[in-house]
Amino acid sequence: MNRKLPFSACLVLMFLAALLTFQIVKVQDQIKYNKIVKEFTVKPLENPKLSEIEALVDEHYVKDIDNDKLTEAVAMGYVYGLGDQHAGYYTADIYRELQLSIYGELVGIGIRVTLEQIDDAGTERVVIFEVMENTPASEAGLEPGDVIYSVDGSLYTDLGYDETVDRMLGKEGTVLNFEVLRDDEILEFSITRRHFDSQLVTYKMTDADEKIGYVRIYQFGYTTVNQFKNAVNSLIADGAEKLIFDVRNNPGGEYDTIKQILDFLLPEGKIVITRDKNGNEIIETSDASEIALPMVVLANNSSASAAELFTAALMDHNKAYFIGTTTYGKGTIQTTFPLSDGSAVKFSTQYYLPPSGESYDGVGIVPDMEVKLSEEAEKHFYLIDESEDAQLCAAIKYLQNEK
């Protein structure tokens with residue numbers, strides 16, 4: 001993934017957000033997929049070209065062979081060869097982190113960071129844009145806007161982005177030693193990593209109008225449903241009469257989660273249509289209960305997958321007005337299959353359509369009102385104030401005029 005794109009800007013340490021998929025096969029279903037595992041591991045070795053390479057290596061290669069590393073490489077290459085841009089291979093360690101992130105049981109310090117370019121020469125820095133509540137980071141006093149200066153005694157300028165983030169990841173109980181730059185002052189932190197519940201939804205009343213509630217959904221994990229319902233119900237209890245849902249830079253998430261959230265918001269009718277490789281279709285529907293308030297959805301070109309379905313379904317039911325820019329355009333469902341050694345493979349297993357039946361795969365969803373952020377606002381997206389956010393301001397203005 002190109003980290004300069006907004007799609008990769010939202011990173012939760014020890015969260016591995018970009019690895020989220022629509023479906024994960026449960027461990028108890030492992031027996032069902034033993035055949036898949038067997039075919040996956042045997043077929044490549046039966047390939048004449050690979051067999052020829054293996055024979056040449058056996059006869060001539062002078063160095064030691066790490067069979068585990070070789071197997072990992074073959075697995076990665078096999079999945080890559082599918083030509084599915086949304087497919088992937090996960091090592092056992094990465095798959096374990098993926099499962100933790102999906103279920104909201106994270107290990108880390110509890111911050112979200114963004115990669116920020118600070119000059120025309122391409123100089124970059126890692127900036128904390130959110131400190132999650134009830135986490136080691138919030139207890140230690142980290143603040144949004146803090147810039148990662150060094151990790152384990154090595155300067156960010158020497159490490160670069162990937163190495164910096166890698167060093168900040170770690171196991172429960174281990175200590176992360178790092179420095180941040182805050183108002184031209186370097187502050188030292190030593191924080192012990194621990195388990196915490198991921199905060200995938202944040203909410204508040206907008207600054208400009210106390211009758212308009214604002215809900216940001218970072219992604220659709222298993223904990224998103226309860227957090228989202230709590231956010232909406234709390235805002236309504238506090239007097240919100242209109243709602244803004246922000247799924248900008250949301251990479252998607254878990255299939256059952258988006259269904260439950262749409263069912264909560266929408267009246268009786270279709271939610272999503274799925275179609276498998278044999279043309280079999282399943283239509284998911286909502287009950288009659290709904291949230292009957294004027295709504296706006298904010299989305300952009302980094303809103304993908306479940307975030308797009310969320311946007312499209314609300315539009316198709318005439319429940320929400322879409323402000324922002326055309327979305328990413330991902331209309332397929334990926335399933336992650338665990339393998340016998342703890343690793344996993346992910347690939348596209350279904351197409352999905354919004355209630356209208358119109359696919360946006362490869363084209364995205366076009367907004368009702370296109371509003372772009374300024375170049376400066378894009379650069380500092382997660383740190384800008386409400387008044388600097390042209391898309392949010394447009395949503396507030398639209399709702400203020402909505403009867």
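How many of the 403 residues of the protein count as buried, as a percentage? The answer is 49%. The model is predicted. Its mean pLDDT is 85, and 87% of the residues reach 70 or more. One stretch falls short of that. Over residues 1–45, pLDDT stays under 50. The model still has 124 contacts beyond four places in sequence for this stretch.

**The overall fold**

The secondary structure comes to 12 helices and 21 strands. Contacts with a separation of 6 or more can be sorted by distance along the chain. Of these, 69% join residues 24 or more positions apart.

**An open sheet**

Six strands form an open sheet with mixed pairing. Their order is 12-13-14-17-18-21. Which strands stand at the edges? They are strand 12 (201–205) and strand 21. Each has a single partner strand, so one side of each is left without a neighbour in the sheet. Strands of a sheet pair through backbone hydrogen bonds, either parallel or antiparallel.

Here are three of the parallel pairings, with one pair of opposite residues for each.

| Strands | Bridges | Opposite residues |
|---|---|---|
| Strand 14 (residues 242–246) and strand 17 | 4 bridges | D246 and L298 |
| Strand 17 (residues 295–299) and strand 18 | 5 bridges | M295 and A320 |
| Strand 18 and strand 21 (residues 369–370) | 2 bridges | I323 and M369 |

Strand 18 deserves a second look. It is mostly covered, with 4 of its 5 residues buried. It also belongs to a β-α-β unit, together with strand 17 and helix 10 (residues 306–316). That unit is right-handed.

**Aromatic rings**

How many aromatic pairs does a search of the whole structure find? It finds 12. A pair of aromatic rings is described by the distance of the centres and the angle of the planes. Take Y321 and Y398. Their ring centres are 4.1 Å apart and their planes are at 5 degrees, so the pair is stacked. This pair links distant parts of the chain. Y321 lies in strand 18 (residues 320–324), while Y398 lies in helix 12 (residues 390–400). The two are 77 residues apart. Y398 is partly exposed, with a relative accessible area of 23%.

Other rings gather in a group. Ring pairs link F220, F228, F245, F264 and F310 into a cluster.

A ring can also face a charge. The charged end of R112 sits over the ring of Y218. The distance to the ring centre is 3.8 Å.

**Two unusual backbone angles**

Most residues other than glycine have a negative phi, and most peptide bonds are trans. What phi does D152 have? Its phi is positive, at about 55 degrees, although D152 is not a glycine. D152 is found in the loop between strand 7 (147–151) and strand 8 (154–155). Is D152 buried or partly exposed? D152 is partly exposed, with a relative accessible area of 43%.

N318 also has a positive phi, near 55 degrees, and is a residue other than glycine. N318 is found in the loop between helix 10 and strand 18. At 70% relative accessibility, N318 counts as exposed. This loop leads back to the β-α-β unit, where helix 10 and strand 18 both take part.

Definitions and conventions. Residues numbered from 1 in each chain as written. Predicted model: local features only at pLDDT ≥ 70, side-chain atom pairs only at ≥ 80, totals over all residues. Heavy atoms only, no water. pLDDT = per-residue confidence, 0-100. Contact = heavy atoms within 4.5 Å. Phe/Tyr/Trp six-rings, centres within 6.5 Å; stacked < 30°, edge-to-face > 60°. Buried < 20%, exposed > 50% of the residue type's maximum accessible area, 1.4 Å probe, protein only. Lys NZ or Arg CZ within 6 Å of the ring centre and 35° of its normal. Pairing = 2+ DSSP bridges. Right-handed = clockwise from strand over helix to strand, strands pointing away.
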